[in-house]
Amino acid sequence: MIIVGLIALAVTAIWLAIIIMQVDDWSRDWSTNVAEVTPDARDKDLQSPRFTESLDAVTRRIESWTRQQSNWTLESIRGTDRTNEIHLTRKTRLFRFTDDIHVRLSQLADGSVLFTAKSQSRVGKGDLGQNPRNLKELLQGAQKISSSP
């Protein structure tokens with residue numbers, strides 16, 4: 001009986017340690033369930049990149065990257081001549097929560113494409129930093145794909 005209690009305690013401690021290790025910003029991650037990629041973001045990793053490819057090429061590359069990811073799903077793409085909006089979802093590994101990611105690709109006057117995005121959890125008051133991680137993962141994937149031939 002004592003051994004079962006110790007095992008349960010050890011498992012609980014491991015789960016808590018995993019959750020605590022996910023927290024990047026203690027002042028933000030317990031009370032915020034949304035993150036954004038914007039041109040003036042405080043976190044340099046969440047500042048909007050510009051792509052030199054066409055609007056359609058950047059959209060296709062993000063779509064292609066998303067389809068290669070097991071926990072990401074492409075929900076929809078809506079577009080106009082100068083803007084494409086992409087709705088993605090991502091399921092977290094541990095608890096399988098779904099986060100909504102809305103990407104906006106805007107073609108600028110110089111022909112470049114500005115990437116902005118918002119990731120928001122569907123449930124909970126805090127995200128333990130998952131939404132910023134969603135956006136950083138998406139940005140890394142989009143930039144990696146865009147630099148390939």
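## Lys136, a residue in between

A residue counts as buried under 20% relative accessible area, as exposed over 50%, and as partly exposed in between. In this predicted model, Lys136 has a relative accessible area of 23%, so it is partly exposed. You'll find Lys136 in helix α4.

What does Lys136 touch, leaving aside residues up to four places away in sequence? The list is Asp43, Asp45 and Leu46. Take Leu46: it sits 90 residues from Lys136 along the chain, yet the C-alpha atoms of the two are separated by 6.7 Å.

## Lys136 meets Asp43

Side chains of opposite charge can pair when their charged atoms come close. Here, the side chains of Lys136 and Asp43 form a salt bridge, with 3.0 Å from N to O. Lys136 belongs to helix α4 (residues 130-146), while Asp43 is in the loop between β1 (34-37) and β2 (50-51), so this pair ties together parts that are 93 residues apart in sequence.

And how open is the partner, Asp43? With a relative accessible area of 29%, Asp43 is partly exposed.

## More charged pairs

How many salt bridges does the model have? The count comes to seven. One of them brings together the side chains of Asp110 and Arg50, at 3.9 Å from N to O. This pair links distant parts of the chain: Asp110 is in the loop between β5 (98-107) and β6 (113-121), Arg50 is in strand β2, and the two are 60 residues apart. Are Asp110 and Arg50 buried or exposed? Both of them are exposed.

Another salt bridge joins the side chains of Arg122 and Asp100, at 2.8 Å from N to O. Arg122 sits in the loop between β6 and α4, and Asp100 sits in strand β5, so the pair ties together parts that are 22 residues apart in sequence. The two ends of this bridge have opposite surroundings: Arg122 has 51% relative accessibility and counts as exposed, whereas Asp100 has 15% and counts as buried. The cut-offs explain why: exposed means over 50%, and buried means under 20%.

There's also a small network to look for. Arg78, Glu85 and Arg104 are joined into one network by salt bridges that share partners.

## Strand β4 and its neighbours

Now turn to strand β4, which covers residues 83-91. Is β4 mostly covered or mostly open? Seven of its nine residues are buried, so to speak of it as mostly covered is fair.

On one pairing, strand β3 (residues 72-79) runs antiparallel to β4, and seven bridges join the two. β3 and β4 make a hairpin, with three residues between them. Which residue in β4 is the bridge partner of Arg78? The partner is Glu85, and Arg78 and Glu85 both belong to the salt-bridge network described above.

β4 also pairs with β5, again in the antiparallel sense, over nine bridges. To find one spot in this pairing, look for Asn84: its bridge partner in β5 is Leu105. β4 and β5 form a hairpin too, with six residues between them. In that turn, Arg96 has a positive phi of about 65°.

While you're looking at these strands, keep one general pattern in mind: in a regular strand the side chains alternate between the two faces of the sheet.

How values were computed:
Residues numbered from 1 in each chain as written. Predicted model: local features only at pLDDT ≥ 70, side-chain atom pairs only at ≥ 80, totals over all residues. Heavy atoms only, no water. Salt bridge = Lys/Arg side-chain N within 4 Å of Asp/Glu carboxyl O. Helix = DSSP H or I, 4+ residues; strand = E, 2+ residues; numbered from the N terminus. Buried < 20%, exposed > 50% of the residue type's maximum accessible area, 1.4 Å probe, protein only. Pairing = 2+ DSSP bridges. Contact = heavy atoms within 4.5 Å.
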